[in-house]
Amino acid sequence: MEKYLSQLNEAQLAPTLQKDGPMIVIAGAGSGKTRVLTFRIAYLMSQGIDPFNILALTFTNKAAREMKGRIASIVGDSEAKNLWMGTFHSVFAKILRIESDRLGYPSNFTIYDTQDSDRLISSIIKEMGLDKDVYKYKQIRSRISSYKNSLITVKAYFNNPELMEADAAARRPRIGEIYQNYVERCFKAGAMDFDDLLLKTNELLTRFPDVLAKYQDRFRYILVDEYQDTNHSQYLIVRALADRFHNICVVGDDAQSIYAFRGANISNILNFQRDYDDVKVFRLEQNYRSTKNIVNAANSVIDKNQNKLDKIVWTANEEGPKIKVNRLMTDGDEGRYVASTIFEAKMQHQLQSQDFAVLYRTNAQSRAIEDALRKRDINYRIYGGLSFYQRKEIKDVLSYLRLILNPADEEALKRIINFPARGIGQTTLDRLVVAANAYDISIFDVIRRIDELDVKVNSGTRNKLKDFATMTESFQVMNANANAFELAEHVVKVTGLIREFKKDGTPEGIAKMENIEELLNGIKDFVEGQVEVADATASLSEFLEDVALATDLDSDKGDPNHVALMTIHLAKGLEFPHVFIVGMEEDLFPSAMSMNTRSELEEERRLFYVALTRAEKQAYLTYTLSRYRWGKLIDAEPSRFIEEIDEQYLDVITPLQEQRFNPMLDASIFGDIEPNKVRFAKPKSPKLQKKSNQKKAEPFKISTPKKLKPVTKSKGSSNLFDGKLAVGNIVNHQRFGRGEVLKIEGVGSDLKAEIKFKNGDTKKLLLRFAKLEIL
Ligand code: ATP
Ligand code: MG
């Protein structure tokens, strides 16, 4: 047997060695599903399967890259290079480019990101004279997106009275028209949005049997990770492609299905066995990721869901510490608690920033955490914010590049036609849009042919428009001979973009200039990595495609040693030694918007299961008593999910004094809440009614650190040793034993002491945490 296969247990070996036929691996978190998929690909290749015939679909591009790297280390780089591996979107964007003419698209079609779609929808709403408060562009976008993911085309929409009536009943009878205009405008601009990448792939495979046959023949082995989160459109693509050879292997966990709101369909996993004859079902039960406490706690939570497949998850790993539950006063305190816990853990256990992740339900929660980490000089990175490529100055440069490849690209043109300012105002642009619609040509064509067309612009503006067209065309000429880097460098100079930010002179302007430089470096790297691509246009278009589909998770910029901050949704499939799940409060997690039906609440619970199972060694849950939301301080109650964890796995440490990181707060705010008691408002029945205010008996055992002295009203715990501890004191530390104080430094909550312990070690300890007794 191949040597690498010894890194799998028996249950994992079975699906890895099952070469042919339809198969599904259903297994809980951390049981090695992704590992099986990776090793299975290496195994197929060792059995003589051409990597060119293998298609692996992952949830992120980063996951695909890592998987490819792993496979390359087993079978060698040159072999692994030919694998088709990536997200649905990136793999099918490539196929669509090859086959674009079938669908009437240029091969250089643009990929509109969410921002482009939003802008286009907003302008359509405006052009149609609709009230933007009734027709909210974001809502319309998500509506159009869900139509597309259910394969409801514009035609299908207008053939479906129920859909039309539903929109009319919601006082938005013109959604169908907006949808139609949006689709037409994208088509005219030679642009596909993210959902189109799937929808058009389906169209391609359905309308052109020869194309279908070609890709069925190519992708003889198909593998899909995180299968539970595929939507209908993705499901149909996979089914169509696998229809000839039936060599389809999907892995997933129904308990981790968390994208129903985006159209993912948990029934895909449940129906897999119905779709193919003779499906082999494999189960993995041993978790390799987490401690017993974490695995068991997660099991006890997911057990509360009714709609699930029964699964066993156990681990041979150590028992590990219990899950720490902490109550804080406010979100600010929560941030400070997280930061100081990380600070202390790093110091006392030789951990690195990268050993920690902070997960939250909503992006807005990151701010308080960020502030606190920054104050403590702890490196962090927020994932899932605006990606580098979505920053304004970067999108401006990219828009020029997009326009060079595809002059019909309406959103790119609108962004930069007057940036840097060249005297082409909004009124002119509006007229160009009207003309483009009337003549049914692109805006760029209107500009090019402005002398032949009836467009109301004065001669001065006309000349400016012509200059703009000439400049763009000169870039196109250059593109035929130069590589993407040379072209981009030329563009930022000639257009005056760099000058624009230099002129600005503010720190923001300088930061923007640096970002543009960084973009140019990125393009250079890309070009150098593409030496084999002889055709310059191909390299620019490939670069733009990479960029359009890049998510924030994909970029590996900056110091890798950082605390990761991200939403739980983004953390799927990842793992970290220490995980904080913050904001464990009713109406936040579970989200207020998901309490209406059991199935929504069950999705939130699955989300919590995903969050907990990211942790390898230690999980922390925090909740606050009040939190700033929508600009107001509102009362918060602990999440029902905390209470759903079997209490034997929890360590509830919330003596009131300890969590008061803000000494300015008056203790009277605590009102009637007694220290050392956790109050959990629990729904009265499993029927998901909102919580009552009933006082509950203490649900968990409370452990109070013994040596921590109570703090008086006006002082924070940071002052605990003020004026008392002095150099030369002999102290006793709970873990390290007796020692002598050599030095004291810092102020307030950062007060530290250097202590030489009796075993010879000298340690620097933060006094607010070090449980010291002066002897
Ligand atoms: P998730 O459901 O979160 O996506 P998963 O089922 O895909 O998890 P993996 O990420 O493949 O699980 O594995 C979890 C961790 O356990 C990884 O660090 C992996 O390297 C490790 N692991 C899996 N199988 C084994 C094994 N047989 N021996 C040692 N480590 C293993
Ligand atoms: Mg996985």
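**Close-up views of a predicted model**

**Figure 1. Helix H1 and what covers its buried residues.** In helix H1, which spans residues 10–17, the residues Gln-12, Pro-15 and Thr-16 are buried, a residue being called buried if 20 or more other C-beta atoms lie within 10 Å of its own, exposed if 12 or fewer and partly exposed in between, with C-beta atoms placed from the backbone. These residues lie on the same side of H1 because they cover an arc of only 105° around the axis, where the arc is that of the directions from the helix axis to the C-beta atoms. Helices (H or I, at least four residues) and strands (E, at least two) are DSSP runs numbered from the N terminus. The cover over the buried residues of H1 includes strand E1 (23–27), helix H2 (33–46) and strand E8 (280–284). This is a predicted model, in which local features need pLDDT of at least 70 and side-chain atom pairs count only at pLDDT 80 or more, while totals for chains, interfaces and linings use all residues. Residues are numbered from 1 along each chain as its sequence is written, and chains are lettered from A and ligands numbered from 1 in the order in which they are written.

**Figure 2. The surroundings of ligand 1.** Of the 19 residues around ligand 1, Gly-32, Lys-33, Thr-34, Arg-35 and Tyr-288 come nearest, where a residue is near a molecule or strand if its C-beta atom, placed from the backbone, lies within 6 Å of it. Helix H2 gives the most to this shell, with three residues. The shell divides into four nonpolar, ten polar and five charged residues; Ala, Val, Leu, Ile, Met, Phe, Trp, Tyr, Cys and Pro count as nonpolar, Asp, Glu, Lys and Arg as charged, and the others, Gly among them, as polar.

**Figure 3. Ala-27 and Lys-33, two residues in a UniProt "binding site" annotation.** The annotation, from an unreviewed entry, covers Ala-27, Gly-28, Ala-29, Gly-30, Ser-31, Gly-32, Lys-33 and Thr-34; UniProt positions are given in the numbering used here, feature names are shortened, and annotations may be inferred rather than shown by experiment. Ala-27 is in strand E1 and counts as buried because it has 26 C-beta neighbours inside 10 Å. Leaving out residues up to four places away in sequence, Ala-27 touches Lys-33, Asp-253, Arg-283, Leu-284 and Lys-311, contact meaning that the C-beta atoms of two residues, placed from the backbone, lie within 7 Å. Lys-33, for its part, is in helix H2 and is buried, with 26 other C-beta atoms within 10 Å. Beyond its neighbours within four places in sequence, Lys-33 is in contact with Val-25, Ala-27, Val-251 and Leu-284.

**Figure 4. Thr-201 in helix H11 and the buried residues of helix H13.** Thr-201, in helix H11 (residues 194–207), is buried, with 28 other C-beta atoms within 10 Å. Apart from neighbours within four places in sequence, Thr-201 is in contact with Phe-92, Ile-95, Leu-96 and Ile-237. In helix H13 (residues 232–241), the buried residues are Gln-234, Tyr-235, Ile-237, Val-238 and Leu-241. These residues are on the same side of H13 because they cover an arc of only 160° around the axis. They pack against helix H5 (88–99), H11, helix H12 (209–218), strand E6 (221–224), strand E7 (248–252) and helix H14 (267–275).

**Figure 5. Two separate nonpolar cores.** The largest nonpolar core has 124 residues, and Ile-41, Ala-56, Ile-178, Ile-222, Val-397, Leu-401 and Ala-488 are those with the most contacts inside it; such a core is a set of buried Ala, Val, Leu, Ile, Met, Phe, Trp, Tyr and Cys residues joined through C-beta atoms within 7 Å. A second, separate core of 63 residues includes Val-295, Ala-339, Ala-564 and Leu-625.

**Figure 6. Backbone geometry in four loops.** Most residues other than glycine have a negative phi, and most peptide bonds are trans. The peptide bond from Phe-419 to Pro-420 is cis, with omega near -5°, and Pro-420 is in the loop between helix H19 (410–416) and helix H20 (426–439). The bond from Phe-589 to Pro-590 is also cis, with omega near 5°, and Pro-590 is in the loop between strand E15 (576–581) and helix H28 (598–612). Leu-151 has a positive phi, near 60°, and is in the loop between helix H7 (137–149) and helix H8 (154–158). Glu-226 has a positive phi near 50° and is in the loop between E6 and H13.
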